[in-house]
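With the model open in your viewer, please follow the selections below in order, keeping each one displayed until the next has been reached.

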Amino acid sequence: MSSAKKVEGSSSPATRRDPYEVLSVTRDANDQEIKSSYRKLALKYHPDKNANNPDASELFKEVAYSYSILSDPEKRRQYDNAGFEALDADGMDMEIDLSNLGTVNTMFAALFSKLGVPIKTTVSANVLEEAMNGTVTVRPLPIGTSVSGKVDKQCAHFFGVTISEQQAESGVVVRVTSTAQSKFKLLYFEQDSSGGYGLALQEESEKTGKVTSAGMYFLHFQVYRMDSTVNALAVAKDPESAFFKRLEGLQPCEVSELKAGTHIFAVYGDNFFKTASYTIEALCAKTYEDTTEKLKEIEAQILRKRNELRQFETEYRKALARFQEVTNRYTQEKQTVDELLKQRDTIHSTFSAVKTPSVNNLTNGSSSKTQGEESKVDGDSAGEDGGSESRDKSKRKWFNLNLKGSDKKLG
């Protein structure tokens with residue numbers, strides 16, 4: 001079950017600057033100030049707008065990386081306390097700009113994606129700029145309805161979901177599915193004071209069964225999304241640790257509820273070469289009270305299980321190390337015992353008064369005797385066989401004669 005995710009950037013650059021410095025905000029900046037600065041800088045350095053400036057691409061990554069730290073309360077706390085060393089760099093999301101890849105690299109990216117390696121892409125600058133300027137076309141998506149369509153790659157279809165006070169109180173779910181298994185993003189935009197829309201949340205499509213899907217769940221309790229990148233990176237580093245890292249990809253959604261009014265969502269075409277087919281629907285959780293309760297319960301169970309697995313991994317590692325230790329000792333002990341027994345047998349064989357005769361003499365002497373004995377044995381065997389055969393013939397003749405005589409008498 002997926003939920004919304006924070007907009008996160010690429011992995012850290014080689015030389016890392018203070019995230020507060022990169023985003024030009026103070027250390028006590030609030031979430032809105034951080035978000036606003038990120039949006040402006042990300043659009044300023046977006047690869048789409050700086051095709052001939054390689055430095056802009058690095059700055060874009062740096063801005064995205066800094067935002068991925070300061071927008072996450074836990075990562076921000078860790079950084080404030082102990083700097084970059086406290087952060088797991090491998091756990092940072094990596095994104096690439098699809099429009100800036102070029103045809104050949106795009107083909108490689110598509111191949112990796114098809115093989116199950118998660119390839120994250122940035123939303124194109126055109127879409128972000130049009131949204132920020134408020135020049136996008138927004139189609140209505142009433143609660144309880146669905147709309148199907150096809151969106152070109154690196155383009156987006158925008159939808160306005162208007163919710164009442166009651167619906168906001170009950171909770172809202174927005175989901176997108178694709179029976180064609182298209183790759184797409186579900187985006188959520190917040191309205192800026194200028195009247196435009198700024199990207200606030202994005203959810204990558206995931207393959208579930210025979211469809212790809214993405215969902216955002218605003219249900220008044222903390223909902224989580226599963227980021228498969230964490231598990232994929234763990235598999236690449238150590239296949240055995242993949243199971244233990246599987247639940248580490250569970251990340252809290254930044255927004256847990258929506259207020260009454262109109263909210264802007266979009267379906268972004270993230271396919272590499274073709275349009276994305278999709279169906280988007282907006283639902284009120286009031287109709288799905290039982291399902292909502294089940295989701296709340298299962299989320300809590302998964303979080304408990306994640307904590308249990310963290311402890312179990314430590315036990316498992318210790319047991320595995322002990323197993324390898326005793327297995328190695330078993331191999332060594334077996335080799336030692338085999339070698340000792342071999343030496344013992346060698347020593348035993350030296351206790352002998354009889355010298356071992358030469359192989360040639362033993363072979364010649366025994367062979368002549370053996371041939372004579374064999375002749376005798378063969379003769380005896382032949383005689384015995386011959387005698388027994390004669391007796392058998394006599395018996396057969398006598399038996400046959402009697403049978404003939406009996407036949408005559410009977411005749």
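**Starting at a threonine pair**

Select Thr162 first, and then Thr262 in strand S14, which stands opposite Thr162. The model is a predicted one, and this pair is a convenient place from which to enter it.

Now extend the selection to the whole of S6 and S14, which pair in the antiparallel sense over eight bridges. Keep S14 displayed and add S8, which runs antiparallel to S14 and is joined to it by six bridges; within this pairing, Phe189 has Ile264 of S14 as its bridge partner. If you then turn on the surroundings of S14, you will find that seven of its nine residues are buried, so the strand is largely enclosed by the rest of the structure.

**Into the core**

Which residues have the most contacts inside the largest nonpolar core? Select Phe265, Val267 and Ile280, which hold that place in a core of 28 residues. To see where the core comes from, colour the strands that each give two or more residues to it, namely S5 (145-151), S6 (156-163), S7 (172-178), S8 (184-191), S9 (197-204), S11 (211-218), S14 (261-269) and S15 (276-284). The largest share, five residues, is contributed by S15.

Centre the view on Phe265 and show what it touches: with its neighbours within four places in sequence left aside, Phe265 is in contact with His157, Phe158, Phe159, Val161, Val174, Leu187, Tyr188, Met216, Phe218 and Leu258. Elsewhere in the model there is a second, separate core of 21 residues, and to find it you can select Val22, Tyr38, Ile69 and Leu87, which are included in it.

**Along strand S11**

Return to S11, a strand that is mostly covered, with seven of its eight residues buried. Add S7, which pairs with S11 in the antiparallel sense over seven bridges, and pick out Thr177, whose bridge partner in S11 is Ser213.

Next, select S10 (residues 206-208), which also pairs with S11 in the antiparallel sense, here over three bridges; Lys207 stands opposite Thr212 of S11. Where does the backbone take a positive phi in the hairpin of S10 and S11? Two residues lie between these strands, and Gly209 takes a positive phi near 70° in this hairpin.

Terms used:
Residues numbered from 1 in each chain as written. Predicted model: local features only at pLDDT ≥ 70, side-chain atom pairs only at ≥ 80, totals over all residues. Heavy atoms only, no water. Core = buried A, V, L, I, M, F, W, Y, C linked by side-chain atoms within 4.5 Å. Buried < 20%, exposed > 50% of the residue type's maximum accessible area, 1.4 Å probe, protein only. Helix = DSSP H or I, 4+ residues; strand = E, 2+ residues; numbered from the N terminus. Contact = heavy atoms within 4.5 Å. Pairing = 2+ DSSP bridges.
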